[in-house]
Amino acid sequence: MSFHQGLSEPGIPAMTRSAPLPPLDLSHHFSEATKRRNPSSMKAYYKYFQIPGIGNIAGGLPNARFFPFDTLEAQSAQATRWKPTPNHPEPEWEDFDASPDGATSGNIPSNNPSSSKAPAYTTTTTNSTTTGASNKEAAHLTIPMLSGERDPTQRIDVTTALQYGTAQGYPALLSWVRQFTRRNLHPNVPYAGGPEVILTCGSTDGFAKTVELLVDTWLPSFQGDEEREGILVEKFVYPNILGQTGPKGVVPVKVEMDEGGMLAAGKGGLKDVLENWDVGRRGCKRPRLMYTVTMGHNPTGGVLSVKRRKEIYECCERWDVIIVEDDPYWYLQYPSAEGEERRSRNQPAPSSQGEAGLLGGPEMCATGADNEPKKSSGFEFLDSLVPSYLSIDVSGRVVRLDTFSKTVAPGCRLGWITAQPAFVDRFLRITESSTQQPSGFVQSMVASLVLGTQPAAATAAFNSLAAAEDKIAFEGWDTSGWVRWLAGLRGQYERRMVRMSSILDAGAVMLKQSTPTSLADRDYGVISTTTLLSFRWSRGGMFIWVRVHFESHPLFNAPRPLLYPHQSREGGPSVRRRRVLDGTALNTALMLYLTHKPHLVLISPGMMFSANDQVRQEEGWKYYRMCFAAESEENIDACSHRFVSALHKYWKIRKVEEIEELLKELESSDIDANSQKGVSGITDGMGNLGWIGC
């Protein structure tokens, strides 16, 4: 019996009711600090601030006349700057335009000898203008000192943006985010009344407040393991999450995953972990909190199917687990990935069913039979995406983290939390006594961008411009423009993913030619192959998760020099330990080798994304995360080629001493920060395929 079912309607499965119920009261999950937080006492005064003509000498607000900014202005891109890619690709083995900006290029490598380019897809795109990268003209945004607008949800001016405000966020931006979230992004949340939102200083801030909301600090001097919290995570996880929860004594509990994401069933899957919990073996009580990235998983690049979401949600219902869904890459879902992967590897075109049960085809797109939205978002692009856990959240146990970091810029430090109203009310109390609302500069600029029409004062300023060339477009995007911008970004990143993946495919195998030993066969050549890497084309996000087959390296498990003498634990004579070049050593040495000239590429080792030491030692060394987002268009291809070239050269190293020299770079305590070698000496121009920690 599910937790929701047990509390409300016995005998009626929670996810099959016809009439929506209010979200559950899940306040028993609140931390002790959260339970003790009271609402701000200033709220009682808000109604008086709105009285027309009232003189406010109560609050400690500086006078807006003394702000050193008369206006805030910016040049912004047109929403149609980037060319989208198809929402519903129909695989046909034709030329696919994977070059930068969607411009024609015939230099995309492929393993298919019949073509030097990746495949094309036929599509019909609506709700957007399919202009390409030639559409570079800018828009001009101006925020005046005083707009004259009385409606706070439409008012954008310096006077209000840079003044103290309410902790929920700047009213104009908060109103837009709420409408976009409820009407367009998540129009099918199944509990009555729907979710609420609150602005944050980015997803890191959102998760920190979620931990504050739900987690009590474990005090080992006074508490046993049965009182220690745990957090469920995929076995490969964004490491900052462990850094945020670790100081509170939270134990990361790894859940097995496959290429599609977290497993619900099977050995090590969510059901197995929760059903067979052992406090003594695990070192904490059964977790009541789960963290997951479901769209473009960081680091593996998977997208969790709706079918799998429902299975995981049912487990969370049964064991009363709160789901924290962190989705910075939700709009970066690549429906073309399966078909292009097959084309690159000389495999048959995908069937109409796609990767049944995983991704691709109907499972990848929200318009499959199992994914058809009950209520449209109003935009084909949004309807085509795999929906959030919120779309099946009958209990109100999902806390979703969104951010403008990947859609506008990371330096904005701006995002929002979506959750049931009771949770958002408590988030508000936390925010009132911590960060307050995000930067007014950023909020007002983003609000001006997404709300569209400029205020009268800004329009008047535009009309007064003398030169015709100064009179560029003078307005924001509105919601349709915002969705078009997201579709264009998806197109840009999808093309980058295709190009990097194609280059990696082309260099995945090392060929070696030799002469037969038999005299009768001397006229023939012998070709042997060694697989150096394998990977699944990214189904979403900004990363490719590459499996490097170190087991095939000629020095794998080769004896290393004896470790320096050290005193035994018993105080006896000095001993020497025998070591081998295991996977961890070869992974680390390759990472360092890549930072040397002429390679100059930085990648993220899989060890840093491992949920615990066991995963790190057994599996983390097999992988690297490669990012196709950060570098310039030209460098994406160049870095990918340099990585492949370096990998082939690395496999030709036959001397243990060469590997040892690389590893000494980490053992040295005096690495020059400006050195051309070593992780600490990254030179100018080095390719960044995956910035550490992002």
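Begin by selecting Met42, Tyr45, Tyr46, Tyr48, Phe49, Ile51 and Ile54, which together make a nonpolar surface patch of about 640 Å². The model on screen is predicted. Within the patch, pick Ile51, in the loop between H3 and strand S1 (72-77). Ile51 has a relative accessibility of 39%, so it counts as partly exposed.

**The largest pocket**

Keep Phe49 selected and add Gln50, Leu61, Gln163 and Tyr164. Of the 33 residues that line the largest pocket, these five lie nearest its centre: Phe49, Gln50, Leu61, Gln163 and Tyr164. Two elements each give two or more residues to this lining, helix H3 (46-49) and helix H4 (158-161). The space in the largest pocket comes to about 1,500 Å³. Colour the lining by class and it shows 15 nonpolar, 15 polar and three charged residues.

**A cavity**

Next, go inside. There are four cavities of 30 Å³ or more in the structure. The second largest cavity holds about 60 Å³ of space. To find the second largest cavity, select its lining: Glu234, Gly260, Gly261, Met262, Thr292, Val293, Thr294, His297, Thr300, Gly302, Val303 and Leu304. Sorted by class, the lining of the second largest cavity has four nonpolar residues, seven polar and one charged.

**Pro299 and Phe609**

Now select Asn298 and Pro299. The peptide bond from Asn298 to Pro299 is cis, with omega near 25°. Pro299 sits in the loop between strand S10 (289-292) and helix H10 (306-319). Add Phe609 to the selection: the C-alpha atoms of Phe609 and Pro299 are separated by 7.2 Å, while the two residues are 310 residues apart along the chain. Phe609 belongs to the loop between strand S23 (604-605) and helix H19 (613-618). With a relative accessibility of 0%, Phe609 counts as buried.

A second cis peptide bond to display joins Lys597 and Pro598, with omega about 5°. Pro598 is in the loop between helix H18 (583-594) and strand S22 (601-602).

**Salt bridges**

Show the charged side chains. The count of salt bridges comes to 35. Side chains of opposite charge can pair when their charged atoms come close.

Select Lys209 and Asp205. They form a salt bridge in which the closest N and O atoms are 2.9 Å apart. What separates Lys209 and Asp205 in helix H6 (residues 203-214)? Lys209 and Asp205 are four residues apart in that helix, so about one helical turn lies between them. Lys209 is buried, at a relative accessible area of 4%. Asp205 also counts as buried, because its relative accessibility of 13% is under 20%.

Move to Arg490 and Glu494, whose salt bridge has its closest N and O atoms 3.6 Å apart. Both residues lie in helix H17 (residues 478-506), four residues apart, about one turn of the helix. Are Arg490 and Glu494 buried or exposed? Arg490 is buried, and Glu494 is buried too.

Then select Glu660 and Arg560, which meet in a salt bridge at 2.5 Å, N to O. This pair links distant parts of the chain, with Glu660 in helix H21 (residues 656-667) and Arg560 in strand S18 (residues 559-560), 100 residues apart. Glu660 and Arg560 are both buried.

For a network of salt bridges, select Arg309, Glu325, Asp327, Arg400 and Asp402, which are linked in this way.

**Loop residues**

Select Asp216, in the loop between H6 and strand S6 (230-234). Asp216 counts as partly exposed, at 29% relative accessibility. Add Glu227: Asp216 and Glu227 are eleven residues apart in sequence and, C-alpha to C-alpha, 9.5 Å apart in space.

The last two stops concern backbone angles. Asp320, in the loop between H10 and strand S11 (322-326), has a phi near 55°, a positive value in a residue other than glycine. Asp320 counts as buried, with 10% relative accessibility.

Finish at Asn346, found in the loop between helix H11 (337-344) and helix H12 (361-364). Its phi is near 60°, again positive in a residue other than glycine. Is Asn346 buried or partly exposed? Asn346 is partly exposed, because its relative accessible area of 46% falls between the 20% and 50% limits.

Key
Residues numbered from 1 in each chain as written. Predicted model: local features only at pLDDT ≥ 70, side-chain atom pairs only at ≥ 80, totals over all residues. Heavy atoms only, no water. 1 Å grid on protein atoms, 1.4 Å probe; cavity = no way out; pocket = protein on both sides within 12 Å on 5 of 7 lines; lining within 4 Å. Points joined across faces, edges and corners; volume = space filled by probe spheres on them. Nonpolar A, V, L, I, M, F, W, Y, C, P; charged D, E, K, R; others polar. Patch = residues over 30% accessible without salt bridge, like charges linked within 9 Å, V, L, I, M, F, W, Y side chains within 5 Å. Areas by Shrake-Rupley, 256 points an atom, 1.4 Å probe, with all protein chains shown as cover. Salt bridge = Lys/Arg side-chain N within 4 Å of Asp/Glu carboxyl O. Buried < 20%, exposed > 50% of the residue type's maximum accessible area, 1.4 Å probe, protein only.
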